[in-house]
Amino acid sequence: MQRRQLYAGPMSKLRLLMICRMAKPEEVLIVEDENGNIVRETMKDNDVLVQYKIMRETLIYLAHLDHEDTEKQMLKKLSQQLSGEDYTWNNLNTLCWAIGSISGSMVEEQENRFLVMVIRDLLNLCEITKGKDNKAVIASNIMYVVGQYPRFLRAHWKFLKTVVNKLFEFMHEIHPGVQDMACDTFLKIVQKCKRKFVTVQVGENEPFVSELLTTLPTTIADLEPHQIHSFYESVGTMIQAESDAIKRDEYLQRLMQLPNQKWAEIIGQARQSVDFLKDPDVIRAVLNILQTNTSAATSLGTYFLPQISLIFLDMLNVYRMYSELISTSIAQGGPYASRTSIVKLLRSVKRETLKLIETFLDKAEGQPHIGKQFVPPMMDPVLGDYARNLPDARESEVLSLFATIINKYKGSMIEDVPRIFEAVFQCTLEMITKNFEDYPEHRLKFFSLLRAIAANCFPALIHLSSEQLKLVIDSIIWAFRHTERNIAETGLNLLIEMLKNFQASEFCNQFFRTYFLTIEQEIFAVLTDTFHKPGFKLHVLVLQHLFCLVESDGVTEPLWDVATVPYPYPNNGLFIREYTIKLLSSSFPNMTTTEVTQFVNGLFESGQDLPLFKNHIRDFLVQSKEFSAQDNKDLYADEAAVQREKERQRMLSIPGLIAPNEIQDEMLDS
């Protein structure tokens with residue numbers, strides 16, 4: 001205690017210095033440029049962000065040492081802004097960034113008292129200050145501060161309502177960046193306080209969400225399309241919190257009234273003349289309506305069902321028609337036609353349609369019948385269309401949509417897998433196996449789809465012909481040879497799923513007799529070249545699986561070719577030992593046979609103990625001199641992850657070190 005008093009003076013000065021010099025956090029979108037103009041910040045400055053994180057942590061420790069002094073210093077600086085004696089944009093910004101940075105470090109009672117004064121003063125400052133630029137700066141600071149303190153807003157409905165209505169005012173402010181920040185802050189606040197908006201509060205006649213839906217056309221009148229989409233996601237989040245199904249459906253219908261009117265007009269005109277849908281302005285309108293639906297589906301999940309049911313079949317018809325238009329354009333105009341603005345626009349509509357369906361099906365929980373309702377009508381317009389199209393006109397989103405469907409509805413999709421396979425497998429492989437560069441999005445999504453099938457509909461893979469299964473295995477090897485990390489990892493995870501599933505099946509012997517040596521050889525190839533280091537953890541898991549399999553006599557038939565090997569081995573374990581020693585000796589001529597033999601024996605001995613097995617392989621890689629002079633942090637990724645989790649637990653133990661916005665607090669929003 002005496003030491004704290006002894007250092008109280010210097011600590012107080014340090015607090016003031018931190019508050020005055022606070023670095024800019026990444027959330028802030030409005031800044032002053034070198035010409036003194038207010039502009040929207042589009043790039044995250046990493047150096048400044050690192051500085052902010054260090055300063056924020058320091059200020060939180062300083063706040064814990066003396067909350068009274070921290071509060072006093074901040075309120076004093078704020079009163080100097082109000083009186084005008086210390087008002088500059090920079091001073092106000094740094095003060096508000098500092099106030100936002102200590103969120104969660106005070107006890108609730110003190111935080112409430114402090115914030116009531118801060119928000120009141122900032123709102124007053126906004127009222128009394130003249131000039132558009134000044135108001136924009138103050139507005140962005142109000143939004144930043146309130147966005148950092150969800151606990152306070154949940155506990156103070158009057159403040160919450162005032163703040164949200166203020167955000168609606170800012171949505172009409174055409175100053176660069178203000179509307180974006182208002183929409184972002186609105187979404188952030190709604191996600192943390194959603195139940196407050198569907199409950200009738202004291203002194204109110206109806207829930208806030210109902211009031212908002214009545215004035216919605218006016219509120220969004222000045223917003224850009226991307227801001228309107230964000231607004232719809234926010235209101236969807238509110239509606240999702242309503243537990244009464246009748247009210248919820250009524251709110252949803254009111255929310256979607258504007259886009260649905262426009263959609264009905266477009267479909268009505270299209271029934272008169274299909275050419276109406278070819279007008280670029282109409283295509284843009286269709287795209288905008290679909291994006292609005294996707295935003296609402298993102299937050300509403302299962303509860304979006306009445307709305308998507310309304311537009312689903314018409315949407316598929318538009319998809320089919322636009323797809324035919326794209327194919328015709330590319331067939332007539334050659335490869336460059338795919339880059340014309342009209343084709344890009346048409347493809348955007350197709351992609352958004354797929355994204356909307358995928359978002360809804362992914363978010364819809366506990367509704368197995370939804371799959372049966374939505375999947376059959378999509379088979380021809382979506383899957384058949386993919387197979388019929390030219391490679392340049394195939395949408396990669398088709399692959400991710402069906403991966404989502406299979407992950408969601410699992411075994412119930414087994415009957416549909418052959419059809420999915422037939423439509424996408426061969427034609428996609430031809431697109432992606434010419435080289436490692438073309439169609440990057442199709443690559444990752446193709447392997448994600450394969451992984452979904454292997455994990456959830458494995459019996460469907462067993463029924464493939466041996467040629468088709470060979471294609472699957474070849475494509476997996478192709479995937480993990482990739483230097484693109486995401487694709488390689490998806491391929492390796494898929495391989496692990498396949499190995500486990502085949503080991504547990506009646507085709508275990510047949511599968512491993514055909515592919516064991518190929519897989520082992522290919523995994524050692526990527527493990528020991530330095531381009532695939534990020535996959536180290538998964539390479540180890542595959543090898544562990546293979547070695548444990550032969551050590552435990554999991555494969556009962558010989559893995560060697562009986563016709564060419566003159567003498568029989570007593571068991572597969574001995575054969576694989578010898579095979580692996582030969583394989584590695586030829587790959588690493590700089591290592592002696594004794595060193596290689598020791599390594600291979602060690603693999604068999606440590607197979608049951610993953611940490612030991614992993615260390616053994618790591619030591620070998622460094623010893624092989626391939627890795628000795630390089631940065632090998634990827635080989636220690638697991639250990640680094642454990643360290644990061646320990647650090648997070650330490651930070652959680654100090655209030656405020658992890659910002660309230662970053663903590664999942666569903667239960668608190670009651």
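**Exercise 1. State which residues of H27 are buried in this predicted model, and what covers them.**

Solution. Asn572, Gly573, Phe575, Ile576, Tyr579, Thr580, Ile581, Leu583 and Leu584 are the buried residues of H27. Next, look for what lies over them: the cover includes helix H25 (508-527), helix H26 (536-551), helix H28 (593-605) and helix H29 (610-623). At the start of H27, asparagine 571 places a side-chain oxygen within 3.2 Å of the backbone nitrogen of glycine 573. Glycine 573 is itself among the buried residues of H27.

**Exercise 2. Check the span of helix H27 (residues 572-587) against the value expected at 1.5 Å a residue.**

Solution. H27 has 16 residues. The expected span is 1.5 Å times one less than the number of residues, so H27 should span 22 Å. The C-alpha atoms at its ends are 22 Å apart, which agrees.

**Exercise 3. Describe how H26 and H29 pack, and name the residues that make the contact.**

Solution. A packed pair of helices is described by the angle between the axes and the distance between them. For H26 and H29 the angle is about 115° and the axes are 10 Å apart. Angles of 65 to 115 degrees count as roughly perpendicular, so H26 is roughly perpendicular to H29. The crossing of H26 past H29 is right-handed. On the H26 side, the contact is made by Phe536, Val540, Leu541, Leu543, Gln544 and Phe547. On the H29 side, Leu610, Phe613, Lys614, Ile617, Arg618 and Leu621 take part.

**Exercise 4. For tyrosine 439 and aspartate 553, give phi, the place in the chain and the exposure class.**

Solution. Begin with tyrosine 439. Its phi is near 50°, a positive value in a residue other than glycine. Tyrosine 439 sits in the loop between helix H20 (417-432) and helix H21 (440-456). Buried means under 20% relative accessible area and exposed means over 50%. Tyrosine 439 has 23%, so it is partly exposed.

Now take aspartate 553. Its phi is positive, about 60°, although aspartate 553 is not a glycine. The loop that holds aspartate 553 runs between H26 and H27. With a relative accessible area of 48%, aspartate 553 is partly exposed.

**Exercise 5. Is serine 230 buried or exposed, and which residues does it touch?**

Solution. Serine 230 lies in helix H12 (residues 225-240). Its relative accessible area is 14%. Buried means under 20%, so serine 230 is buried. Leaving out residues up to four places away in sequence, serine 230 touches Cys183 and Leu187.

How values were computed:
Residues are numbered from 1 along each chain as its sequence is written. This is a predicted model: local features need pLDDT of at least 70, side-chain atom pairs count only at pLDDT 80 or more; totals for chains, interfaces and linings use all residues. Side-chain values use heavy atoms; hydrogens and water are left out. Helices (H or I, at least four residues) and strands (E, at least two) are DSSP runs, numbered from the N terminus. Buried means under 20% relative accessible area, exposed over 50%, partly exposed in between (1.4 Å probe, protein chains only). Contact means heavy atoms within 4.5 Å. A polar contact is a pair of N or O atoms within 3.5 Å; within protein, one must be able to donate a hydrogen and the other to accept it, and residues adjacent in sequence count only if both atoms are side-chain atoms. Axes are lines fitted to C-alpha atoms, for helices over the stretch in contact, and angles run from 0 to 180 degrees between N-to-C directions. Angles under 35 degrees count as roughly parallel, over 145 as roughly antiparallel, 65 to 115 as roughly perpendicular and the rest as oblique. A crossing is left-handed if the near helix is turned anticlockwise from the far one by less than a right angle, and right-handed if clockwise.
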